[in-house]
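User: Please take a close look at one part of this model, a single loop residue and its surroundings, and then set that part in the context of the whole chain.

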Amino acid sequence: MPVSTSLSCFGCELDASPGAFGHVRESADCLGSPAELRRRLEEDGYLYVPGFLDRDLIHAARASVCERLAAEGALDPAYPVIEGMSHPDKVTNFNAALARRNAEVSRVVYGPEILGFYETLFGEPVRHFDYTWFRALSRGQGSPPHCDLVYMGRGTHELLTCWIPYGDVPLEMGGLMLLEGSHRQSERIKRYLEVDVDAYCENKPKQVDKVVNRLGWSHPGFLSKNPATLREKLGGRWLTARDWKAGDFITFGMTVVHAGLDNHTSRVRLSSDTRYQRASQPADERWIGEDPIANTLAGKRGRVC
Ligand SMILES: [Fe+2]
């Protein structure tokens with residue numbers, strides 16, 4: 001099957017002109033300067049640090065995840081497992097089981113390098129969420145624009161997401177993109193940012209049924225299904241890396257609008273997203289502990305609306 005190089009997100013074609021699409025700023029040059037890192041985080045809403053992690057660690061984590069995918073039958077057996085070639089009949093997307101009790105992935109996301117980075121950045125002891133989000137996106141799969149706050153806002157809002165690709169991710173394979181300057185648009189999307197997907201109205205039977213009985217969300221979580229019109233409305237450009245490489249990471253705050261570009265290749269795109277905060281601040285109870293309650297019944301919160 002030919003590889004399409006078209007740029008799309010959630011099936012929506014994106015304007016790739018310089019005024020609408022661009023690249024994230026690199027910050028590997030100021031790793032030794034916490035003050036500059038903080039300034040850039042404040043200014044841009046994110047920090048992109050290419051080549052930060054040892055590629056061997058990433059490769060080991062990739063190998064472990066690919067083994068699990070192969071065991072599920074998600075990979076094409078005609079290719080080496082490490083290639084992560086998608087089985088032609090299988091569609092894969094979010095799959096936290098790929099990272100659960102996975103020593104190689106934990107070594108990457110909770111190892112001394114990443115934790116050290118956040119300690120330097122916050123200037124004090126840090127903690128991470130114990131829940132590890134992991135995605136294995138096959139062809140045609142992406143993620144619609146959203147802010148992470150609606151999924152994890154019950155503790156401190158000074159929480160940072162870290163997105164890590166497990167392998168090189170050329171543009172046609174998709175990858176994370178951020179809406180430039182969107183962390184300064186919180187007032188405009190205030191009502192959306194107040195959402196807690198696991199909260200529901202006790203006095204609304206339909207919501208109770210959806211959230212409590214069927215363990216769904218009271219809100220779909222995304223801000224828009226259409227990244228093109230959202231960008232026109234909020235301004236800024238959609239930004240991604242020129243060429244994501246194994247060893248790169250990007251970190252950003254809870255109110256940055258971001259999305260996943262669609263994968264136009266036959267290989268599965270592997271990435272984790274994990275969370276870090278000051279240890280001294282409260283943490284969202286859904287995502288901590290040996291077996292985080294996550295979006296299960298224990299994580300649902302009713303109120304009278
Ligand atoms: Fe996200």
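Analyst: Two residues are taken to be in contact if their C-beta atoms, placed from the backbone, lie within 7 Å. In this predicted model, and by that criterion, Gly247 touches Gly51, Phe52, Leu53, Asp54, Arg55 and Ile58, where residues up to four places away in sequence are not counted. Gly247 itself lies in the loop between β11, residues 238–240, and β12, residues 249–253. The residue is nevertheless classed as buried, because 20 other C-beta atoms lie within 10 Å, and 20 or more is what the class of buried residues requires. As a separate distance, Gly247 and Arg39 are 23 Å apart in space, C-alpha to C-alpha, with their positions 208 residues apart in sequence.

Two of the partners of Gly247, Arg55 and Ile58, carry numbers that fall in helix α2, which spans residues 55–71. The largest nonpolar core has 65 residues, and those with the most contacts inside it are Tyr46, Val65, Leu69, Leu178 and Ile250. Helix α2 gives the most to this core, with five residues. Val65, for its part, touches Leu98, Val105, Tyr166 and Leu270, again leaving out residues up to four places away in sequence.

The strand before the loop, β11, also belongs to an open sheet of five strands in the order β3-β11-β9-β13-β7, with mixed pairing. Its edge strands are β3 (21–23) and β7 (143–146), each of which pairs on one side only, and neighbouring strands of the sheet are turned by 30° against each other on average, direction ignored. Within the sheet, β9 (residues 175–179) and β13 (residues 258–261) pair in the antiparallel sense over four bridges, and Leu178 stands opposite His258 in β13. Leu178 is thus a link between the two descriptions, being also among the residues with the most contacts inside the largest nonpolar core.

As for the whole, the protein chain has eight helices and 15 strands. Its radius of gyration is 19 Å, close to the 19 Å that the globule rule gives for 305 residues, so the chain is as compact as a globular protein of that length. The C-alpha atoms fill a box of roughly 55 × 45 × 40 Å along the principal axes, and buried residues make up 42% of the 305 residues. Among contacts between residues at least 6 apart in sequence, 80% join residues at least 24 apart.

Definitions and conventions: Residues are numbered from 1 along each chain as its sequence is written. This is a predicted model: local features need pLDDT of at least 70, side-chain atom pairs count only at pLDDT 80 or more; totals for chains, interfaces and linings use all residues. Two strands pair if DSSP finds at least two bridges between them. Axes are lines fitted to C-alpha atoms, for helices over the stretch in contact, and angles run from 0 to 180 degrees between N-to-C directions. A residue is buried if 20 or more other C-beta atoms lie within 10 Å of its own, exposed if 12 or fewer, and partly exposed in between; C-beta atoms are placed from the backbone. A nonpolar core is a set of buried Ala, Val, Leu, Ile, Met, Phe, Trp, Tyr and Cys residues joined through C-beta atoms within 7 Å. The radius of gyration is taken over C-alpha atoms; the globule rule is 2.2 Å times the number of residues to the power 0.38.
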